[in-house]
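These are my notebook entries on a single chain, kept in the order in which I looked things up. I began with the helices and then turned to the sheet and the aromatic rings.

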Amino acid sequence: MKGSQLINEENFQNFSNSIANKLHSGFVLVERNDKLPFAILSKEGKEVDHSFNFLICCITLGLWSVAWIYLSYVSKSKKILVALDEDGNVFQENCYAG
């Protein structure tokens with residue numbers, strides 16, 4: 001019985017460490033529930049200057065469009081779910097708000 005309790009504490013510690021790593025990389029904790037356990041974290045997107053990127057795209061005859069598309073994709077805000085599954089493993093899933 002104590003062995004399974006120790007594994008649960010170890011799994012919960014892995015869960016907490018995973019959240020701490022995400023917080024260190026710039027995410028903000030939106031919601032956390034230690035009873036279920038799950039946490040929702042978000043990261044604000046960065047503003048992309050589309051007029052400047054359009055100008056560079058025109059100057060480079062469209063070559064900059066690849067970088068522009070990449071910058072637009074990477075700069076979006078992100079929301080993730082970090083939780084423990086039934087087996088006690090930590091998993092992360094992207095959340096998409098409609």
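Entry 1, helix pair. I recorded that H2 and H3 are roughly antiparallel to each other. The model I worked from is a predicted one. The basis for the assignment is the crossing angle: the axes of helix H2 (residues 50-59) and helix H3 (residues 64-74) cross at roughly 160°, and angles over 145 degrees count as roughly antiparallel. I also noted that these two axes come within 8 Å. For the handedness, I found that H2 passes H3 in a right-handed crossing.

Entry 2, helix contacts. Which residues of H2 and H3 meet? On the H2 side I listed His50, Asn53, Phe54, Ile56 and Cys57. On the H3 side I listed Trp64, Ser65, Trp68, Leu71 and Ser72.

Entry 3, sheet layout. I looked up the strand order and found an open sheet of four strands, E1-E2-E3-E4, with antiparallel pairing. The edge strands are strand E1 (28-33) and strand E4 (90-94), each of which pairs on one side only. From one strand to the next, the twist averages 20°.

Entry 4, E1 and E2. I counted five bridges between E1 and E2, which run antiparallel. A hairpin of four residues makes the connection from E1 to E2. For the register, I noted that valine 28 stands opposite serine 42 in E2.

Entry 5, E2 and E3. How many bridges join strand E2 to strand E3? I found six, between residues 38-43 and residues 78-84, with the two strands running antiparallel. Two partners in E3 fix the register for my purposes: valine 82 is the bridge partner of alanine 39, and isoleucine 80 is that of leucine 41. I then checked the accessibility of E2 and found that five of its six residues are buried, so the strand is mostly covered.

Entry 6, aromatic pairs. The count came to two aromatic pairs. One of them I examined further: the ring centres of phenylalanine 12 and phenylalanine 15 are 5.8 Å apart and their planes stand at 45°, so the pair is tilted. Phenylalanine 12 and phenylalanine 15 are three residues apart in helix H1 (residues 2-24), and therefore separated by about one helical turn.

Entry 7, accessibility of that pair. Are phenylalanine 12 and phenylalanine 15 buried or exposed? Phenylalanine 12 counts as partly exposed because its relative accessibility is 30%. Phenylalanine 15 counts as buried, with a relative accessibility of 0%.

Definitions and conventions: Residues numbered from 1 in each chain as written. Predicted model: local features only at pLDDT ≥ 70, side-chain atom pairs only at ≥ 80, totals over all residues. Heavy atoms only, no water. Pairing = 2+ DSSP bridges. Axes fitted to C-alpha atoms, helices over the stretch in contact; angles between N-to-C directions. Phe/Tyr/Trp six-rings, centres within 6.5 Å; stacked < 30°, edge-to-face > 60°. Buried < 20%, exposed > 50% of the residue type's maximum accessible area, 1.4 Å probe, protein only. Parallel < 35°, antiparallel > 145°, perpendicular 65-115°, else oblique. Left-handed = near helix turned anticlockwise from the far one by under 90°. Contact = heavy atoms within 4.5 Å.
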